[in-house]
Amino acid sequence: MADNGESTFTVIVAAAANLGIAAAKVVAGIVSGSSAMLSEAAHSLADTVTEAMLLTALKRSEKPADEDHPVGYAGERYVWAMLAAVATFVGGAVFSVYDGIHTLTHGEELGDPTISYIVLGVAFVLEGFSLRTGIRQVQAEAERMKAPFGRYLRLTADTTVKAVVMEDSAALAGLMLAAGGLLGGQITGSGVWDGVASILIGVLLVYVAWVLGRSNAELLIGRPLPRHMRAAVREELLTVPHIVDVLDLTTLIQGPSEVLVAAKIDFRDVASAEQIEWACEDAEDQLRERFPAIRRVYLDPTPGLGQLRARPSEQA
């Protein structure tokens with residue numbers, strides 16, 4: 001899983017690109033009279049606000065555990081990332097849809113689109129660079145976790161980088177939609193194309209906000225490790241001497257690099273208290289060595305099913 005340094009760099013690159021692009025799009029939108037360009041300006045501004053929130057999330061999630069927060073502040077990252085998804089929806093999607101509908105119902109006066117084409121071209125290059133930075137980080141992490149790129153991006157607990165990749169991908173698609181709206185209006189002389197492009201940009205942002213919001217909500221509620229990793233954790237525990245069975249296993253992702261493992265363990269009946277204590281220590285060491293993201297391991301010695309069935313007869 002990624003560390004905060006890599007994620008911070010990726011978010012800063014995206015924020016710097018979006019801030020400059022937003023200003024240029026506003027000027028181009030006013031000069032050309034294009035609602036799609038103004039929607040793209042709102043899109044870039046929303047992305048800039050989003051990245052500011054993501055940087056806040058990264059900073060606050062680094063705070064160490066204390067008495068009031070015994071498991072740390074890693075979960076705060078998902079609170080801010082959720083707010084960032086809301087900002088994408090409100091700041092970008094709602095404005096884009098509204099502006100597109102207004103253009104379709106009231107029309108618009110089209111100006112010189114030349115500056116808009118120039119801004120769109122520069123924005124495409126900058127957004128492409130930002131997207132490449134995000135994709136490179138995701139690819140490196142996916143290779144480290146030995147997972148396909150698409151699967152890792154869908155399941156990653158590092159929602160800050162996921163947000164950057166999705167928002168930059170949406171930005172590139174939005175730029176093409178805006179260019180199509182400008183070209184359609186230039187050819188036909190009608191603002192309908194521009195209005196439709198603006199609405200489509202809004203729909204695209206709604207989808208991005210929904211996906212990011214759902215991902216962060218799942219992690220805030222509590223998401224376990226993927227099934228294959230849970231199986232690997234169980235397998236690792238069973239290699240520890242004196243551990244006979246894993247009766248119940250709970251895993252909880254607390255942050256991109258913080259996982260909690262709790263399990264009910266059936267130890268050998270003849271194992272001494274000292275052997276059980278050292279088995280717990282060995283289990284924790286092995287799990288952390290195989291899965292560096294596992295920070296907390298809690299093992300509960302529990303009678304096996306055979307013992308539980310035999311207990312009533314012994315009492316009788």
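## Exercises on a predicted model

The protein has ten helices and three strands, where helices (H or I, at least four residues) and strands (E, at least two) are DSSP runs numbered from the N terminus. This is a predicted model, so local features need pLDDT of at least 70 and side-chain atom pairs count only at pLDDT 80 or more, while totals for chains, interfaces and linings use all residues. Residues are numbered from 1 along each chain as its sequence is written, and side-chain values use heavy atoms, with hydrogens and water left out.

### Exercise 1: the overall picture

Work out the order of the elements and the dimensions of the protein.

Step 1. Walk along the sequence and you meet the pattern α-α-α-α-α-α-α-α-β-β-α-β-α.

Step 2. Put a box around the C-alpha atoms along the principal axes: it comes to roughly 90 × 40 × 35 Å.

Step 3. Check the radius of gyration, taken over C-alpha atoms. The protein has 26 Å, whereas a compact globule of 316 residues would have a value near 20 Å; that globule rule is 2.2 Å times the number of residues to the power 0.38.

Step 4. Look at burial. Of the 316 residues, 46% are buried (under 20% relative accessible area; exposed is over 50% and partly exposed in between, with a 1.4 Å probe and protein chains only).

### Exercise 2: two packed helices

Describe how α6 and α7 pack.

Step 1. Two packed helices are described by the angle between their axes and the distance between the axes.

Step 2. Helix α6 covers residues 159-188 and helix α7 covers 192-221; their angle is about 170° and their axes are 8 Å apart. Axes here are lines fitted to C-alpha atoms, for helices over the stretch in contact, and angles run from 0 to 180 degrees between N-to-C directions.

Step 3. So α6 and α7 are roughly antiparallel (over 145 degrees; under 35 is roughly parallel, 65 to 115 roughly perpendicular and the rest oblique).

Step 4. Sort their contact by class, and you get 17 nonpolar, eight polar and three charged residues. Ala, Val, Leu, Ile, Met, Phe, Trp, Tyr, Cys and Pro count as nonpolar, Asp, Glu, Lys and Arg as charged, and the others, Gly among them, as polar.

Step 5. Now pick a residue in α6: alanine 171 sits in this helix. Alanine 171 is buried, at 2% relative accessible area.

### Exercise 3: the sheet

Find the strand order and the edges of the sheet.

Step 1. The three strands form an open sheet in the order β1-β2-β3, with mixed pairing; two strands pair if DSSP finds at least two bridges between them.

Step 2. β1 (243-255) and β3 (294-301) each have a single partner strand, so they stand at the edges with one side lacking a neighbour in the sheet.

Step 3. From one strand to the next, the twist averages 15°.

Step 4. β1 pairs with β2 (residues 258-267) in the antiparallel sense over ten bridges. In β2, phenylalanine 267 is the bridge partner of isoleucine 243.

### Exercise 4: a glycine in a loop

Where is glycine 75, and what is it in contact with?

Step 1. Glycine 75 lies in the loop between α2 (35-61) and α3 (76-106).

Step 2. Glycine 75 has 31% relative accessibility, so it counts as partly exposed.

Step 3. Set aside neighbours within four places in sequence, and glycine 75 is in contact with Leu220 and Gln254 (contact means heavy atoms within 4.5 Å).

Step 4. Glycine 75 and glutamine 254 are 179 residues apart in sequence, yet 5.8 Å apart in space, C-alpha to C-alpha.
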